[in-house]
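Morning, everyone. Please have the sequence and the model open side by side. I'll move through it one element at a time.

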Amino acid sequence: MSALRSDMLDVPGARLYYEVRGSGPLLLVLQGGEGDAERTKGLVARLDGDHTVVTYDRRGLSRSVPGDPDAAISVETHADDVHRLLAALTTEPALLLGSSYGGLIGLALAVRHPEQVGTLVAHEPPALSLLTPGARADADAVLARLQETYRDEGWGAAFKMLAEVTGAGFADREPDVELPPPVSRERIANMHFFFTHDIPATRHCELDVPAVAALKGTSTRVVPAAGRTTARGFFDHACAEELALLLGTEVAEFPGGHNGLTSHPKAFAARLREVFDAAG
């Protein structure tokens, strides 16, 4: 892995911690769930040889503490944070990899600031606005149960349910990928913010679907993506399929499942390069 450069960025209502590694075209990784800047180290180590890879702690996670931790948050707020982070780092359109919740944030950014996005790979984004009313209601009910489980039974039960819902796991991980370390106090705090702020933000997000559709054929390329082993009935996979239909393209298949970025970093990085090259 290349040498690490880290810094803080002041944004309205918060300070963002971010990390930069490598050299070459700028690639910003938008983490899913409660993942912070360090979640995808294995993937970053396989990309920073020919990319300037940026990761960051999303507002409310780890070192990016908001001015008011109890204030409600929206996907649009996160997208504005990313807009300001990119503006501080480059004047050129960037490459973006958005995983799960990070993919939804990436779509919101692409709609609001298409000039900042060269190619966005949206890997299983929970963009519920893309679903039919019935499918959206079903997905929303699942997210509501996750919130209730966290409130009533705590992070352990909620995290177990989240893993079951997404199908995320490490049983078929690449040989040199180690199992995640024991849950730390910091990660428990991140899970608290995710379950109490970011899941509600996902449920309430009204993505501008016509504006996403209008990106088709422009210089802002959006690539819907999904894991090879992700259950087809999982609503994030359905969102990727609906996004592909909206844009008149195919879902790009990636190694692993919902957490393929961490379970299959070598193969995921190779596939990501293929997708970026094909997008031009």
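Ala225 stands opposite Ala252 in E8. Keep in mind that this model is predicted. Strand E8 covers residues 252–254, and 3 bridges join E7 to E8. Those two strands run parallel.

Now look at the other partner. Strand E6, residues 117–123, also pairs with E7 in the parallel sense, over 5 bridges. Find Ala122: it stands opposite Pro224 in E7.

How many residues of E7 are buried? The strand spans residues 221–227, and 6 of its 7 residues are buried. So E7 is mostly covered, because buried means under 20% relative accessible area and 6 of 7 meet that.

What do E7, H8 and E8 make together? They make a β-α-β unit, and the unit is right-handed. Helix H8 is residues 235–247.

On to helices. Take H2, residues 75–89. H2 has 15 residues, and at 1.5 Å a residue they should span 21 Å. The end C-alpha atoms of H2 are 21 Å apart, so the expected span and the model agree. Which residues of H2 are buried? They are Val75, His78, Ala79, Asp81, Val82, His83, Leu85 and Leu86. Here is a rule to hold against that list. An α-helix has 3.6 residues a turn, so residues three or four places apart point the same way.

Next, H3, residues 101–112. H3 has 12 residues and reaches 17 Å from its first C-alpha to its last. That is close to the 16 Å expected at 1.5 Å a residue. H3 is mostly covered, with 10 of its 12 residues buried. The buried ones run from Tyr101, Gly102 and Gly103 through Leu104, Ile105, Gly106 and Leu107 to Ala108, Leu109 and Ala110.

Now one residue: Glu19. Glu19 lies in strand E2, residues 14–21. Is Glu19 buried or exposed? Its relative accessibility is 2%, so Glu19 counts as buried. The cut-off for buried is under 20%. What does the side chain of Glu19 make a polar contact with? The partner is the side chain of Tyr17, at 2.6 Å. Leaving out residues up to four places away in sequence, Glu19 touches Leu4, Arg5, Ser6, Ala37, Glu38, Val53, Val54, Thr55 and Arg63.

Last, the record. In an unreviewed entry, UniProt lists residues 25–130 as "domain: AB hydrolase-1". In the model, the end C-alpha atoms of residues 25–130 lie 30 Å apart. That span is 30% helix and 22% strand.

Terms used. Residues numbered from 1 in each chain as written. Predicted model: local features only at pLDDT ≥ 70, side-chain atom pairs only at ≥ 80, totals over all residues. Heavy atoms only, no water. Helix = DSSP H or I, 4+ residues; strand = E, 2+ residues; numbered from the N terminus. Buried < 20%, exposed > 50% of the residue type's maximum accessible area, 1.4 Å probe, protein only. Polar contact = N/O pair within 3.5 Å; in protein donor to acceptor, adjacent residues only side chain to side chain. Contact = heavy atoms within 4.5 Å. Pairing = 2+ DSSP bridges. Right-handed = clockwise from strand over helix to strand, strands pointing away. Expected span 1.5 Å × (residues − 1). UniProt positions renumbered as here; feature names shortened; annotations may be inferred.
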